[in-house]
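Welcome to a short tour of one chain, written to be read with the structure open beside it. Let us start from the view itself and then go from the overall fold to individual contacts.

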Amino acid sequence: MMTAEQIVASHKANVETLFGLTAKAFEGVEKLVELNLTAAKAALDESSSNTQAALSVKDAQELVAMQASLFQPLAEKTAAYSRHLYDIATGTGGEFTKAFEAQAAAAQQQFASLVDSAASNAPAGSEQAVAMMKGAVTAANSAFETVQKAVKQATDLAESNLAAVTQTAAPKAAKKK
(Lines give C-alpha, C1' and ligand atoms only; values in the text may rest on other atoms or scores of the structure.)
Protein backbone atom coordinates (compact mmCIF):
# COMPACT_ATOMS: atom_id res chain seq x y z
CA MET A 1 0.00 0.00 0.00
CA MET A 2 1.23 3.50 -0.81
CA THR A 3 1.78 5.93 2.04
CA ALA A 4 0.34 9.44 2.04
CA GLU A 5 3.82 10.86 1.38
CA GLN A 6 4.23 8.62 -1.66
CA ILE A 7 0.84 9.68 -3.03
CA VAL A 8 1.66 13.37 -2.53
CA ALA A 9 5.06 12.92 -4.17
CA SER A 10 3.44 11.11 -7.10
CA HIS A 11 0.87 13.87 -7.58
CA LYS A 12 3.57 16.52 -7.31
CA ALA A 13 5.64 14.75 -9.97
CA ASN A 14 2.57 14.48 -12.22
CA VAL A 15 1.81 18.19 -11.87
CA GLU A 16 5.44 19.08 -12.62
CA THR A 17 5.32 16.87 -15.72
CA LEU A 18 2.07 18.49 -16.82
CA PHE A 19 3.50 22.00 -16.48
CA GLY A 20 6.69 20.94 -18.24
CA LEU A 21 4.72 19.49 -21.16
CA THR A 22 2.53 22.59 -21.30
CA ALA A 23 5.65 24.76 -21.55
CA LYS A 24 7.00 22.54 -24.35
CA ALA A 25 3.68 22.77 -26.19
CA PHE A 26 3.79 26.57 -25.96
CA GLU A 27 7.37 26.56 -27.23
CA GLY A 28 6.21 24.52 -30.22
CA VAL A 29 3.35 26.93 -30.88
CA GLU A 30 5.72 29.90 -30.60
CA LYS A 31 8.06 28.32 -33.14
CA LEU A 32 5.14 27.61 -35.46
CA VAL A 33 3.86 31.20 -35.19
CA GLU A 34 7.38 32.53 -35.83
CA LEU A 35 7.75 30.26 -38.87
CA ASN A 36 4.38 31.35 -40.26
CA LEU A 37 5.10 35.04 -39.68
CA THR A 38 8.46 34.72 -41.40
CA ALA A 39 6.87 32.87 -44.32
CA ALA A 40 4.06 35.42 -44.60
CA LYS A 41 6.49 38.33 -44.56
CA ALA A 42 8.68 36.69 -47.22
CA ALA A 43 5.60 35.95 -49.34
CA LEU A 44 4.46 39.55 -49.08
CA ASP A 45 7.90 40.87 -50.05
CA GLU A 46 8.12 38.46 -52.99
CA SER A 47 4.61 39.29 -54.09
CA SER A 48 5.49 42.95 -54.17
CA SER A 49 8.64 42.44 -56.21
CA ASN A 50 6.90 39.96 -58.54
CA THR A 51 4.08 42.42 -59.12
CA GLN A 52 6.59 45.15 -59.98
CA ALA A 53 8.35 42.76 -62.35
CA ALA A 54 5.05 41.74 -63.98
CA LEU A 55 4.12 45.39 -64.51
CA SER A 56 7.40 46.02 -66.31
CA VAL A 57 6.92 43.12 -68.78
CA LYS A 58 6.80 44.24 -72.40
CA ASP A 59 5.39 41.16 -74.17
CA ALA A 60 3.75 37.77 -73.57
CA GLN A 61 6.97 35.83 -74.09
CA GLU A 62 8.71 37.77 -71.37
CA LEU A 63 5.71 37.20 -69.06
CA VAL A 64 5.81 33.43 -69.65
CA ALA A 65 9.58 33.37 -69.00
CA MET A 66 9.11 35.35 -65.80
CA GLN A 67 6.36 33.03 -64.57
CA ALA A 68 8.50 29.97 -65.31
CA SER A 69 11.37 31.45 -63.30
CA LEU A 70 9.10 31.79 -60.25
CA PHE A 71 8.24 28.07 -59.97
CA GLN A 72 11.59 26.67 -58.79
CA PRO A 73 12.02 29.09 -55.88
CA LEU A 74 8.41 28.40 -54.90
CA ALA A 75 9.04 24.64 -54.83
CA GLU A 76 12.24 25.09 -52.83
CA LYS A 77 10.56 27.40 -50.35
CA THR A 78 7.64 25.03 -49.95
CA ALA A 79 10.05 22.17 -49.26
CA ALA A 80 12.00 24.30 -46.77
CA TYR A 81 8.77 25.34 -45.02
CA SER A 82 7.70 21.70 -44.82
CA ARG A 83 11.07 20.70 -43.34
CA HIS A 84 10.84 23.44 -40.70
CA LEU A 85 7.27 22.48 -39.88
CA TYR A 86 8.28 18.82 -39.57
CA ASP A 87 11.24 19.73 -37.35
CA ILE A 88 8.99 21.71 -35.02
CA ALA A 89 6.44 18.91 -34.86
CA THR A 90 8.99 16.17 -34.25
CA GLY A 91 10.86 18.25 -31.66
CA THR A 92 7.72 18.94 -29.70
CA GLY A 93 6.47 15.39 -30.16
CA GLY A 94 9.84 14.08 -29.01
CA GLU A 95 9.51 15.95 -25.74
CA PHE A 96 6.07 14.45 -25.18
CA THR A 97 7.42 10.99 -26.01
CA LYS A 98 10.27 11.37 -23.52
CA ALA A 99 7.85 12.46 -20.81
CA PHE A 100 5.49 9.58 -21.60
CA GLU A 101 8.33 7.06 -21.49
CA ALA A 102 9.54 8.45 -18.16
CA GLN A 103 6.03 8.31 -16.70
CA ALA A 104 5.51 4.79 -18.05
CA ALA A 105 8.82 3.63 -16.56
CA ALA A 106 7.89 5.14 -13.20
CA ALA A 107 4.45 3.51 -13.33
CA GLN A 108 6.04 0.16 -14.19
CA GLN A 109 8.44 0.52 -11.28
CA GLN A 110 5.62 1.43 -8.87
CA PHE A 111 3.52 -1.49 -10.07
CA ALA A 112 6.47 -3.88 -9.76
CA SER A 113 7.03 -2.61 -6.21
CA LEU A 114 3.35 -3.13 -5.44
CA VAL A 115 3.47 -6.69 -6.80
CA ASP A 116 6.64 -7.43 -4.81
CA SER A 117 5.05 -6.01 -1.68
CA ALA A 118 1.91 -8.07 -2.23
CA ALA A 119 4.03 -11.16 -2.88
CA SER A 120 6.00 -10.74 0.33
CA ASN A 121 2.77 -10.34 2.31
CA ALA A 122 0.93 -13.16 0.51
CA PRO A 123 -0.35 -16.01 2.64
CA ALA A 124 1.39 -19.35 2.58
CA GLY A 125 0.37 -21.56 -0.33
CA SER A 126 -0.18 -18.68 -2.77
CA GLU A 127 3.25 -18.96 -4.36
CA GLN A 128 1.79 -20.19 -7.64
CA ALA A 129 -0.61 -17.23 -7.88
CA VAL A 130 2.21 -14.82 -7.07
CA ALA A 131 4.41 -16.42 -9.73
CA MET A 132 1.59 -16.08 -12.27
CA MET A 133 1.14 -12.41 -11.36
CA LYS A 134 4.88 -11.72 -11.68
CA GLY A 135 4.91 -13.55 -15.01
CA ALA A 136 2.01 -11.43 -16.26
CA VAL A 137 3.78 -8.23 -15.21
CA THR A 138 6.97 -9.34 -16.94
CA ALA A 139 5.05 -10.21 -20.12
CA ALA A 140 3.24 -6.86 -20.08
CA ASN A 141 6.53 -4.98 -19.64
CA SER A 142 8.07 -6.95 -22.48
CA ALA A 143 5.11 -6.21 -24.75
CA PHE A 144 5.28 -2.52 -23.88
CA GLU A 145 9.01 -2.40 -24.71
CA THR A 146 8.36 -4.17 -28.02
CA VAL A 147 5.69 -1.63 -28.95
CA GLN A 148 8.02 1.23 -28.02
CA LYS A 149 10.75 -0.21 -30.26
CA ALA A 150 8.29 -0.65 -33.14
CA VAL A 151 7.08 2.95 -32.81
CA LYS A 152 10.68 4.18 -32.74
CA GLN A 153 11.50 2.19 -35.88
CA ALA A 154 8.40 3.53 -37.65
CA THR A 155 9.30 7.09 -36.66
CA ASP A 156 12.88 6.66 -37.88
CA LEU A 157 11.60 5.22 -41.18
CA ALA A 158 9.18 8.14 -41.63
CA GLU A 159 11.97 10.64 -40.96
CA SER A 160 14.31 8.98 -43.46
CA ASN A 161 11.52 8.84 -46.06
CA LEU A 162 10.79 12.54 -45.57
CA ALA A 163 14.47 13.36 -45.94
CA ALA A 164 14.67 11.29 -49.13
CA VAL A 165 11.57 12.92 -50.62
CA THR A 166 12.88 16.39 -49.76
CA GLN A 167 16.26 15.67 -51.34
CA THR A 168 14.58 14.27 -54.45
CA ALA A 169 12.06 17.11 -54.78
CA ALA A 170 14.61 19.94 -54.83
CA PRO A 171 16.63 18.60 -57.83
CA LYS A 172 13.40 17.84 -59.75
CA ALA A 173 12.22 21.39 -59.18
CA ALA A 174 15.57 22.67 -60.42
CA LYS A 175 15.34 20.54 -63.60
CA LYS A 176 11.88 21.95 -64.42
CA LYS A 177 13.39 25.41 -64.50
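## Side chains around the first contact

This is a predicted model. A good place to begin is Glu 27, which is partly exposed, with a relative accessible area of 34%. Its partner is Lys 24: the two side chains meet in a salt bridge, with a N to O distance of 3.8 Å. Lys 24 is partly exposed too, at a relative accessible area of 29%. Both residues belong to helix 1 and sit 3 residues apart, about one turn of the helix.

Lys 24 also gives us a handle on how helix 1 and helix 2 sit in space. Gly 91 has its place in helix 2, and the C-alpha atoms of Gly 91 and Lys 24 are separated by 9.3 Å, although these positions lie 67 residues apart along the chain. Gly 91 counts as partly exposed, at 38% relative accessibility.

## The overall fold

What does the chain consist of, in helices and strands? There are 3 helices and 0 strands, and from the N terminus on the elements run α-α-α. The radius of gyration is 28 Å, well over the 16 Å that the globule rule gives for 177 residues, so the chain is more spread out than a compact globule.

The box filled by the C-alpha atoms, taken along the principal axes, is roughly 100 × 30 × 15 Å. As for burial, 8% of the 177 residues of the chain count as buried.

## Helix 2 from end to end

Helix 2 runs over residues 60-120. How far apart should its ends be, at 1.5 Å a residue? The 61 residues should span 90 Å, and the end C-alpha atoms are 88 Å apart, which agrees.

The buried residues of helix 2 are Met 66, Gln 72, Ala 79, Ile 88, Thr 92, Ala 99, Ala 104 and Val 115. To count as buried, a residue must have under 20% relative accessible area. With 38%, Gly 91 is instead partly exposed, while its sequence neighbour Thr 92 is on the buried list.

## Two further salt bridges

The structure holds 3 salt bridges, and the pair in helix 1 has already been described. Side chains of opposite charge can pair when their charged atoms come close. In the pair formed by Glu 46 and Lys 77, the closest N and O atoms are 2.3 Å apart. Glu 46 lies in helix 1 and Lys 77 in helix 2, so this pair ties together parts that are 31 residues apart in sequence. Glu 46 counts as partly exposed at 29% relative accessibility, and Lys 77 counts as partly exposed at 40%.

The other salt bridge joins the side chains of Glu 95 and Lys 98, at 4.0 Å from N to O. These residues are 3 apart in helix 2, so about one helical turn separates them. Is Glu 95 exposed, buried or partly exposed? Glu 95 is partly exposed, at 28% relative accessibility, whereas Lys 98 counts as exposed, at 54%.

## The largest pocket

The largest pocket has a volume of about 330 Å³. Helix 2 (60-120) and helix 3 (127-176) are the elements that give two or more residues to its lining. Which residues lie nearest the centre of this pocket? Among the 14 lining residues, these are Thr 97, Glu 101, Val 151, Lys 152 and Thr 155.

Helix 3 provides the largest share of the lining, 8 residues. By class, the lining has 4 nonpolar, 6 polar and 4 charged residues.

## The second largest pocket

The second largest pocket has a volume of about 270 Å³. Helix 1 (4-55) and helix 2 are the elements that give two or more residues to its lining. Leu 35, Thr 38, Ala 39, Ala 42, Ala 43, Glu 46, Leu 74, Lys 77, Thr 78, Ala 80, Tyr 81 and His 84 line this pocket. The lining divides into 7 nonpolar, 3 polar and 2 charged residues.

Two names in that lining will be familiar: Glu 46 and Lys 77 line the second largest pocket, and they also form a salt bridge with each other.

Technical notes
Residues numbered from 1 in each chain as written. Predicted model: local features only at pLDDT ≥ 70, side-chain atom pairs only at ≥ 80, totals over all residues. Heavy atoms only, no water. 1 Å grid on protein atoms, 1.4 Å probe; cavity = no way out; pocket = protein on both sides within 12 Å on 5 of 7 lines; lining within 4 Å. Points joined across faces, edges and corners; volume = space filled by probe spheres on them. Helix = DSSP H or I, 4+ residues; strand = E, 2+ residues; numbered from the N terminus. Nonpolar A, V, L, I, M, F, W, Y, C, P; charged D, E, K, R; others polar. Buried < 20%, exposed > 50% of the residue type's maximum accessible area, 1.4 Å probe, protein only. Expected span 1.5 Å × (residues − 1). Rg over C-alpha atoms; globule rule 2.2 N^0.38 Å.
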